[in-house]
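Q: Could you teach me to read a protein model one feature at a time, giving me the general idea before each case?

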Amino acid sequence: MKKVIVLLIVLSAYGSVAAQTGAGTTNGDLPALEKRVERVEKAISKLPKVSGFLNMRYQWDSSDRTNSFDIRRIRVNLKGELIPSFDYSLQVDFAGSPRILDAYIRYKAARQFNIQAGEFKIPFSIENTYSPTVLETSENSMAISRLCNYSDISGTASNGRDVGIAFYGGFWEKDGYNVLDYNIGVFNGNGINVKDDNRAKDFSGRLTVNPTRHLSLSGSYYYGTFGKQEEGTHNRTRIGAGICWEDQRLIVRSEYIYGKTAGMKSEGVYAVAGYFVHPKFQPVIKYDFFREDRSYASSKDNCYLVGLNYYPFTFMRLQANYTYKDMGKSPASHLLSLQFFAMF
């Protein structure tokens with residue numbers, strides 16, 4: 001289809017010039033036209049592909065009796081290929097103060113070994129790999145948010161991302177998927193757009209076994225240091241394990257994550273399931289548990305969610321979530337969230 005469009009553009013331009021000069025088009029001109037098409041295609045292939053999405057939201061929260069509309073995300077993503085083995089990506093969020101979320105280059109040496117350098121999501125947890133446009137619920141699970149660089153206990157708030165270098169690949173290809181995938185990296189540990197403020201580097205890695213096309217078993221590990229060198233640093237450790245089944249209609253996913261932050265032990269687990277009863281309708285249920293400090297029983301937080309995702313068009317998504325929140329340190333409350341996504 002792309003080649004046809006390019007050919008039409010070239011023919012139109014050629015026809016316009018021919019009409020102005022009084023020249024006609026003969027069969028002898030076709031090889032020249034094909035060469036022009038190839039040159040135009042080559043030039044177009046070097047241009048970045050533009051995509052992105054707009055995310056608007058309405059929320060009602062009984063805990064503080066607030067309700068509000070907001071523009072949650074406005075993201076634009078530029079992706080391109082310098083040469084067949086080198087590509088790049090730049091994603092910027094314009095909601096509020098503009099900020100760079102992703103800015104990296106990749107060297108794709110082989111299926112078994114690739115290198116990625118810059119700013120991107122750390123290789124930890126299954127859910128952290130999901131874009132907001134495909135995540136089944138309006139919010140990340142509490143364990144992901146609090147232990148995976150979103151609103152991390154350590155103070156890092158960076159949408160699950162960091163600056164560093166990672167190596168990834170897969171082995172034993174079978175029917176279009178790898179039986180074993182790995183992703184390991186070294187990072188600053190301070191989040192997006194922030195230099196390291198101590199002498200240590202953070203390590204993160206994820207190993208995934210895919211027994212079948214639809215089933216994934218994942219294990220993740222993170223170890224790092226946070227805090228300024230001159231003020232004293234603290235260690236943080238994260239260990240995660242998860243399972244996911246995903247086919248065209250059904251998705252079931254669960255993860256357990258343990259964290260140790262400056263000596264404080266935390267843990268969380270979630271289980272989510274969604275099923276397309278119709279190509280446009282996906283009901284969702286979810287249980288989400290998190291305990292920030294295992295030393296205190298009152299720190300147990302439980303959330304119970306029911307939701308519906310509606311896809312009126314391939315480029316549009318409407319999302320409705322109701323959550324009953326039984327938070328250990330606060331009275332029980334209700335949260336209603338309505339979201340609209342427009343993708344381009």
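A: Let us begin with a pair of strands: β3 and strand β4 (residues 99-108) are antiparallel partners, joined over 8 bridges. Strands here are DSSP runs of E with at least two residues, numbered from the N terminus, and two strands pair if DSSP finds at least two bridges between them. This is a predicted model, in which local features need pLDDT of at least 70 and side-chain atom pairs count only at pLDDT 80 or more, while totals for chains, interfaces and linings use all residues. Residues are numbered from 1 along each chain as its sequence is written, and side-chain values use heavy atoms, with hydrogens and water left out.

Q: Which residue stands opposite glutamine 91 in β4, and how many residues lie between β3 and β4 in their hairpin?
A: Opposite glutamine 91 stands aspartate 102. The hairpin has 5 residues between β3 and β4, and glycine 96 in the turn has a positive phi of about 70 degrees.

Q: What joins β2 to β3?
A: A hairpin joins β2 to β3 through 2 residues. Strand β2 (residues 66-83) runs antiparallel to strand β3 (residues 86-93), with 8 bridges between them, and within this pairing leucine 78 is opposite leucine 90 in β3.

Q: How should I read the surroundings of a single residue, such as arginine 72 in strand β2?
A: In general, the side chains of a regular strand alternate between the two faces of the sheet. Next, look for a polar contact, which is a pair of N or O atoms within 3.5 Å; within protein, one must be able to donate a hydrogen and the other to accept it, and residues adjacent in sequence count only if both atoms are side-chain atoms. The side chain of arginine 72 makes such a contact, at 2.9 Å, with the side chain of glutamate 139. If contact is taken as heavy atoms within 4.5 Å, and neighbours within four places in sequence are left aside, the residues in contact with arginine 72 include Asn55, Ala95 and Gln339.

Q: Is leucine 336 buried or partly exposed?
A: Buried means under 20% relative accessible area and exposed over 50%, with partly exposed in between (1.4 Å probe, protein chains only). Leucine 336, which is found in strand β16, counts as partly exposed because its relative accessibility is 30%.

Q: How many bridges link β6 and strand β7?
A: Strand β7 (residues 177-187) pairs with β6 over 10 bridges in the antiparallel sense, and the bridge partner of alanine 166 in β7 is glycine 185.

Definitions and conventions
Helix = DSSP H or I, 4+ residues; strand = E, 2+ residues; numbered from the N terminus.
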